[in-house]
Amino acid sequence: MMLARLLALVLVGFAFGPAAAWTIEPPPAGYLSHGCYPGGVSGEEDDLTERDLAAYERVVGQKASWVYFSHNWYAGRAFPLATATWIRAHGAVPFIRLMLRSRGHAPGKPEREYSLQAIIDGRFDADLSAWARAAAAFGSPLLVEYGTEVNGEWFGWNGKFHGGGRKDGFGDPAKADGPERFVAAFRHVVGTMRAAGATNLTWVFHLDAAQSPDAAWNQFENYYPGGEYVQWIAVSCYGPLKPSSPPGDSLGFRQKFDPVYARIVKMAPEKPILIAEFGCASGHPHVDAAAWARAALTGLLAGDWPAVRGFSWWNERWENDSRRAHDTSMRVQDDAALGRAFHDVLRENAGRLTPIVPRAVSAP
């Protein structure tokens, strides 16, 4: 707890100081940072509150050193100052999912307004620059990602909607157009924000452990923007997402993550990894959420994947259809056994938990 209080003082103290360049350092080898998405009620990941965070922390018995949330551009393109401010005041680092998606977006549908080509062509440079200037004025360090779970076709920035595996419509004729466009868009976003003076952003590349479509061109390695543009690698790795998920969706965290981990380390051996999203629906007939979470946490805190330096549970509840019995809940406060699993494993390994700490660097 002392480290968490120190981090809060550091963040608030730097918030009102002169503009500076900051990066978020990974914890030392053998230590992990603990974060969370504490949940909202809309399903759009942008309406979380400090009460949600406090409810999560009360059950697990540990402070979150970073808090994950979405900034949906259909709701406004301005930097999410209010949410970032209360997260910082709580003593945590804001981790912002920069979600360039339009109102009416739907899983598996293309994103037309904020297409990759439109970003590459600079149609939103003024908005990106304004966002960056506001982020810089915020003053303290931020984790930021663009293109969440890019190798999943449930988001409109997946390469399926931007040329897929074709090689004759964009850039290098030896590379698939869809992933190549994403790389160009990611680099454009980062470059535009850096040029606008946002030197307090640590950029994250976020992939999913399960790719869709399952095609060679859609492998996450093809989307990687490169070490100059990325400081952290983030991964989503889930168990069943619904109580009604088929038995085939019952693999444990280790079974899903092991092959992905090996590929990430090969792709970017120098980069720290965050399990930015993991979770398991309570009430599944074949998978016990508490046991699933306990095994995942135990492996993470035992150092089974040394490049992993942080983890964040997706602590949300949502409706899947009109039947309440089909609702998904991953909230630790809804499932006593799940809450105990978190509390016990985190308490037993409290000495290995540490906040992520900002470090001043020379401005480019």
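Which residues do ring pairs link into a cluster? To find out in this predicted model, select Tyr56, Phe253, Phe257, Tyr261, Phe278, Trp292, Trp305, Phe311, Trp313 and Phe342, which ring pairs join into a cluster. Across the model, the count of aromatic pairs comes to 28.

Next, keep just phenylalanine 257 and tryptophan 305 in view, and look at how their rings are set: they form an edge-to-face pair, with 5.5 Å from centre to centre and 75° between the planes. This pair links distant parts of the chain, since phenylalanine 257 belongs to helix H7 (residues 253-267), while tryptophan 305 sits in the loop between helix H8 (289-301) and strand S9 (308-314), 48 residues apart. If you switch on a surface, bear in mind that both phenylalanine 257 and tryptophan 305 are buried.

From that loop, step back to helix H8 and select helix H9 (residues 336-348) together with it, and you will find that their axes come within 8 Å and cross at roughly 15°. Because angles under 35 degrees count as roughly parallel, H8 and H9 are roughly parallel to each other, and their crossing is right-handed. To see where the two helices meet, show the side chains of Ala289, Ala290, Ala293, Arg294, Leu297, Thr298 and Leu301 in H8, which meet residues in H9 including Ala337, Leu338, Arg340, Ala341 and Phe342. Phe342 has already appeared on this tour, as one of the members of the ring cluster.

For the last stop, select arginine 88 and phenylalanine 138, where the arginine lies over the face of the phenylalanine, at 3.8 Å from the ring centre.

Terms used: Residues are numbered from 1 along each chain as its sequence is written. This is a predicted model: local features need pLDDT of at least 70, side-chain atom pairs count only at pLDDT 80 or more; totals for chains, interfaces and linings use all residues. Side-chain values use heavy atoms; hydrogens and water are left out. Rings of Phe, Tyr and Trp (its six-membered ring) pair if their centres lie within 6.5 Å; planes under 30 degrees apart count as stacked, over 60 as edge-to-face and the rest as tilted. Helices (H or I, at least four residues) and strands (E, at least two) are DSSP runs, numbered from the N terminus. Buried means under 20% relative accessible area, exposed over 50%, partly exposed in between (1.4 Å probe, protein chains only). A charge sits over a ring if NZ of Lys or CZ of Arg is within 6 Å of the ring centre and within 35 degrees of the ring normal. Axes are lines fitted to C-alpha atoms, for helices over the stretch in contact, and angles run from 0 to 180 degrees between N-to-C directions. Angles under 35 degrees count as roughly parallel, over 145 as roughly antiparallel, 65 to 115 as roughly perpendicular and the rest as oblique. A crossing is left-handed if the near helix is turned anticlockwise from the far one by less than a right angle, and right-handed if clockwise. Contact means heavy atoms within 4.5 Å.
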